[in-house]
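Me: I am new to this structure and would be grateful for a close look at a single part of it.

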Amino acid sequence: MFYLSRIEHTLRVPPSMLHLPILDAIKGELEKLFLDKVVANLGLCISVYDIRSVDGGFIFPSDGAATYKVVFTLIVFRPYVGEIIIGKVKESDANGLRISLGFFEDIYVPIHLLPTPSEFKPDSKNGGKRRWVWDYDGQPYDIYETDEIKFRIHNIEYPAIPVEQPKESNEKFLTEEQQPKESTSNVKAFAPMIVTGTIDYDGLGPVSWWDGSGDVDPEAEVGAEEDS
């Protein structure tokens, strides 16, 4: 789930940082650039682990910043397909589940990767709010928001950064009242890394489903010993 990745990067250190020890200044700039950012096919950058080498320090004409070639190591979050992870249910809707790890929340379990059969039902105990329910041999197993849930990684995507489409050229001639009204209430924020999970296997799903599943009734065990 977590890896060390070595990277070489040409780094510009602004004049305002040059009063610091050089390694402190470089680490501060690397953290601004990489921390909490997703690098395609690498993962989510969690921390700068170490700085392996620093070369250069050139100051180009008309620029007071120093430029260095830095080799450093990042701690990155990059789950692999088939890995089993425990998170918490963040949201439930008609499309499936959204799961959070606290530091990463773009994990989705779509309908076809829920246990079969599952149904999105209103919960009479929670003001009619809907939640997913797995029906196993007539026994309902609920999935509530904030449930601790165990899931398996099914797929990882690094979507291309969307390019904003240019507006029609004639819009610049419209008055403010004539400009098209764009609703942002349902606009989904761009996610540079999307993880798809599944809970359609034994042992997966809310942890509460499986708690105590291997316990033996002491009275039944005593009865079995007496019969023998």
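Is isoleucine 85 buried or exposed, and what surrounds this residue?

Reply: The model is a predicted one, and the description below concerns that model. Isoleucine 85 lies in strand E5, which covers residues 84-93. Its relative accessible area is 6%. Buried means under 20% relative accessible area, so isoleucine 85 counts as buried.

The surroundings of isoleucine 85 may be described next. When neighbours within four places in sequence are set aside, isoleucine 85 is in contact with Met1, Pro79, Leu101, Ile149, Lys150, Phe151 and Ile153. One of these partners, isoleucine 149, is 64 residues away from isoleucine 85 in sequence. In space, the C-alpha atoms of isoleucine 85 and isoleucine 149 are 8.4 Å apart.

For a wider view of the model, another element may be added. Strands E8, E9 and E10 form an open sheet in that order, with antiparallel pairing. Strand E8 (118-123) and strand E10 (139-143) each have a single partner strand and stand at the edges, so one side of each has no neighbour in the sheet. From one strand to the next, the twist averages 40°.

Within this sheet, strand E9 (residues 129-136) is joined to E10 by five bridges. Valine 133 has aspartate 142 of E10 as its bridge partner, while tryptophan 132 stands opposite isoleucine 143 in E10. E9 and E10 form a hairpin with two residues between them. In the turn of that hairpin, aspartate 137 has a positive phi of about 50°.

How values were computed:
Residues numbered from 1 in each chain as written. Predicted model: local features only at pLDDT ≥ 70, side-chain atom pairs only at ≥ 80, totals over all residues. Heavy atoms only, no water. Pairing = 2+ DSSP bridges. Helix = DSSP H or I, 4+ residues; strand = E, 2+ residues; numbered from the N terminus. Axes fitted to C-alpha atoms, helices over the stretch in contact; angles between N-to-C directions. Buried < 20%, exposed > 50% of the residue type's maximum accessible area, 1.4 Å probe, protein only. Contact = heavy atoms within 4.5 Å.
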